[in-house]
Amino acid sequence: MSLTRFNFAGLPVSPWRNGGGETREIVSWPPGEPDFDWRASIATIAQDGPFSAFAGIDRSITLLEGDGVRLFSAGHIDHQLARIGEPFAFSGDVALDATRLGGASQDFNIMTRRPAASLPAPRRR
């Protein structure tokens, strides 16, 4: 695989099933497969609502711009993604809800399928 520059505006847009946003896939492996081993994308969160669950997938989300979102699921996760550039890792097995902390926001996502690929454990501060 060679490195390729991309233009954000030129990435294909996939609307979310719930209508709450859209995803622009940067790259995935294997390319174009719905059952990817890993995927990098940029998402726009335009309204409050559920995040799709991805069984067997580890996810890392990093706020790029905007006010961010509160990600929560009863008994599992309650996290405010509000600092640009600070990643947050979580299991895609957990169905999350997102509440915007202001207007629309954009985030960078890395998704990896267990055990084909894995993300490093988050560093504790």
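**Entry 1: terms first.** Before looking anything up, I note that a residue is called buried when its relative accessible area is under 20%, exposed when that area is over 50%, and partly exposed in between. I also note that I am working from a predicted model.

**Entry 2: Glu-22 and Arg-24.** I began with Glu-22, whose relative accessibility is 26%, so I enter it as partly exposed. Its side chain meets that of Arg-24 in a salt bridge, with N to O at 3.6 Å, and Arg-24 is buried, its relative accessible area being 13%. I then looked up the bridge partner of Glu-22 in strand 3 and found Thr-44.

**Entry 3: strand 3 and its neighbours.** Following that partner, I saw that strand 2, residues 21–29, runs antiparallel to strand 3 and is joined to it by eight bridges. Strand 3 itself covers residues 38–45, and eight bridges also join it to strand 10, residues 105–113, again in an antiparallel arrangement. One pair I wrote down here is Trp-38, whose bridge partner in strand 10 is Thr-112. How many of the eight residues of strand 3 are buried? I find that seven of them are, so the strand is largely enclosed by the rest of the structure.

**Entry 4: the sheet as a whole.** Stepping back, I traced an open sheet of six strands in the order 1-2-3-10-5-8, with antiparallel pairing. Its edges are strand 1, at 13–15, and strand 8, at 87–91, each of which pairs on one side only. Neighbouring strands of this sheet are turned against each other by 25 degrees on average, when direction is ignored. As a reminder to myself, strands of a sheet pair through backbone hydrogen bonds, and they may do so in parallel or antiparallel fashion.

**Entry 5: other salt bridges.** I count six salt bridges in the structure, and beyond the one already entered I looked up these. The side chains of Arg-70 and Asp-78 meet at 2.9 Å, N to O; Arg-70 is partly exposed at 29% relative accessible area, whereas Asp-78 is exposed at 54%. Glu-86 forms a salt bridge with Arg-83, their closest N and O atoms being 3.5 Å apart, and here Glu-86 is partly exposed at 27% while Arg-83, at 52%, counts as exposed. I also noted that Asp-58, Asp-93 and Arg-114 are joined into one network by salt bridges that share partners.

**Entry 6: Asp-107.** My last entry returns to strand 10, in which Asp-107 lies. Which side chain of opposite charge is nearest to Asp-107, and how far away is it? The answer is Arg-59, at 6.8 Å, and Asp-107 is buried without having a salt bridge. A salt bridge would call for a side-chain nitrogen of Lys or Arg within 4 Å of a carboxyl oxygen. What I did find is a polar contact, at 2.6 Å, between the side chains of Asp-107 and Asn-109. Leaving aside residues up to four places away in sequence, Asp-107 touches Ser-41, Ile-42, Ala-43 and Ile-45, and also Ile-61, Thr-62, Leu-63 and Leu-64.

Notes
Residues numbered from 1 in each chain as written. Predicted model: local features only at pLDDT ≥ 70, side-chain atom pairs only at ≥ 80, totals over all residues. Heavy atoms only, no water. Pairing = 2+ DSSP bridges. Helix = DSSP H or I, 4+ residues; strand = E, 2+ residues; numbered from the N terminus. Axes fitted to C-alpha atoms, helices over the stretch in contact; angles between N-to-C directions. Buried < 20%, exposed > 50% of the residue type's maximum accessible area, 1.4 Å probe, protein only. Lys, Arg positive; Asp, Glu negative; His and termini not counted. Polar contact = N/O pair within 3.5 Å; in protein donor to acceptor, adjacent residues only side chain to side chain. Contact = heavy atoms within 4.5 Å.
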